[in-house]
Amino acid sequence: MALTATNLNGNMWMTEECKRSFMEMKWKKVHRYIVYKIEEKSNKVAVDKVGGAGESYDDLTASLPEDDCRYAVFDFDYVTVDNCRMSKIFFITWSPEASRIREKMMYATSKSGLRRVLDGVHYELQATDPTEMGFDKIKDRAK
């Protein structure tokens, strides 16, 4: 983990690895998705998992824990009706019902700071169960 961090709000920080991974996904297309987690003891948002360029949305959803909150960004590639290749970045807040209330509150209060730092996100989704973030919802929002 990098020693430098970005202040998201009064008491939450984001590691430089978070920003670097996002820029690699956005510009170099080396990642399909990134999952972020809050490390409670240090009050830092850190990278939890990075999905390679060949991974899918199903791989992202499978990597989210059933009882812990997470943030994720997903690079959705698609082809328009005019046969143009497009890409849209989604920011997902995963807050399952089984997670602790304290954790849900930490994720809710630091979300806007993280979104501000991750410049280039097109759409946002919030989900408490997998049906709220199905691939069909991603496709519908992007078009």
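How many bridges join E6 to strand E7, and do the two run parallel or antiparallel? Five bridges join E6 to E7 (residues 123-127), and the strands run parallel. The legends below start from the whole chain and then move in on single residues of this predicted model.

**Figure 1. The whole chain, with four helices and seven strands.** Let us begin with the overview. Following the sequence from its start, you will meet the elements in the order β-β-α-β-β-α-β-β-α-β-α. The C-alpha atoms occupy a box of roughly 50 × 30 × 20 Å along the principal axes. A compact globule of 143 residues would have a radius of gyration near 15 Å, and the chain, at 15 Å, agrees with that. Buried residues make up 42% of the 143. The exposed surface comes to about 7,700 Å², with 51% of it supplied by carbon and sulfur atoms. If we take contacts between residues at least 6 apart in sequence, 58% of them join residues at least 24 apart.

**Figure 2. Strand E6 between its partners E5 and E7.** E6 covers residues 85-94, and seven of its 10 residues are buried, so the strand is mostly covered. With E5 (residues 70-79), strand E6 runs antiparallel, and 10 bridges join the two. One pair to look for here is aspartate 77 with its bridge partner in E6, serine 87. With E7, strand E6 runs parallel through five bridges. On that side, phenylalanine 90 stands opposite tyrosine 123 of E7. Helix H3 (residues 101-117) completes the picture: E6, H3 and E7 form a β-α-β unit that is right-handed.

**Figure 3. Tyrosine 71, a buried residue of strand E5.** Where does the side chain of tyrosine 71 make a polar contact with another side chain? The partner is the side chain of serine 110, at 2.6 Å. Close by in the sequence of that partner, lysine 111 takes part through its backbone nitrogen, which lies 3.2 Å from a polar atom of the tyrosine 71 side chain. Tyrosine 71 has a relative accessible area of 0%, and it is therefore counted as buried. For a sense of how the chain folds back, compare aspartate 48: it is 23 residues from tyrosine 71 along the chain, while their C-alpha atoms are separated by 9.4 Å.

**Figure 4. Aspartate 75 and the residues around it.** This view stays on strand E5, where aspartate 75 has its place. Is aspartate 75 buried or exposed? Its relative accessible area is 1%, so aspartate 75 is buried. Two polar contacts of its side chain can be traced here. One joins the side chain of aspartate 75 to that of lysine 29, at 2.9 Å. The other, of 2.3 Å, joins the side chains of aspartate 75 and serine 87. Leaving aside residues up to four places away in sequence, aspartate 75 touches Met25, Lys29, His31, Arg32, Ser87, Lys88 and Ile89. Serine 87 is thus a residue to recall from the strand view, where it served as the bridge partner of aspartate 77.

**Figure 5. Two asparagines with positive phi, asparagine 43 and asparagine 83.** A word of background helps here: most residues other than glycine have a negative phi. Asparagine 43 has a phi near 55°. Its place is the loop between strand E3 (31-39) and strand E4 (44-52). With a relative accessibility of 25%, asparagine 43 counts as partly exposed. Asparagine 83 has a phi near 65°, and its place is the loop between E5 and E6. In that hairpin, five residues lie between the strands. Asparagine 83 counts as exposed because its relative accessibility is 63%, and the cut-off for exposed is over 50%.

**Figure 6. Threonine 61 and proline 130, 69 residues apart in sequence.** We finish with a pair that the sequence alone would not bring together at a glance. In space, the C-alpha atoms of threonine 61 and proline 130 are 7.6 Å apart. Threonine 61 has its place in helix H2 (residues 57-63). The relative accessible area of threonine 61 is 30%, so the residue is partly exposed.

Methods. Residues are numbered from 1 along each chain as its sequence is written. This is a predicted model: local features need pLDDT of at least 70, side-chain atom pairs count only at pLDDT 80 or more; totals for chains, interfaces and linings use all residues. Side-chain values use heavy atoms; hydrogens and water are left out. Buried means under 20% relative accessible area, exposed over 50%, partly exposed in between (1.4 Å probe, protein chains only). Two strands pair if DSSP finds at least two bridges between them. A crossover is right-handed if, with the strands pointing away from the viewer, the path from the first strand over the helix to the second runs clockwise. A polar contact is a pair of N or O atoms within 3.5 Å; within protein, one must be able to donate a hydrogen and the other to accept it, and residues adjacent in sequence count only if both atoms are side-chain atoms. The radius of gyration is taken over C-alpha atoms; the globule rule is 2.2 Å times the number of residues to the power 0.38. Contact means heavy atoms within 4.5 Å. Accessible areas come from the Shrake-Rupley method with a 1.4 Å probe; for residues, only the protein chains shown count as cover.
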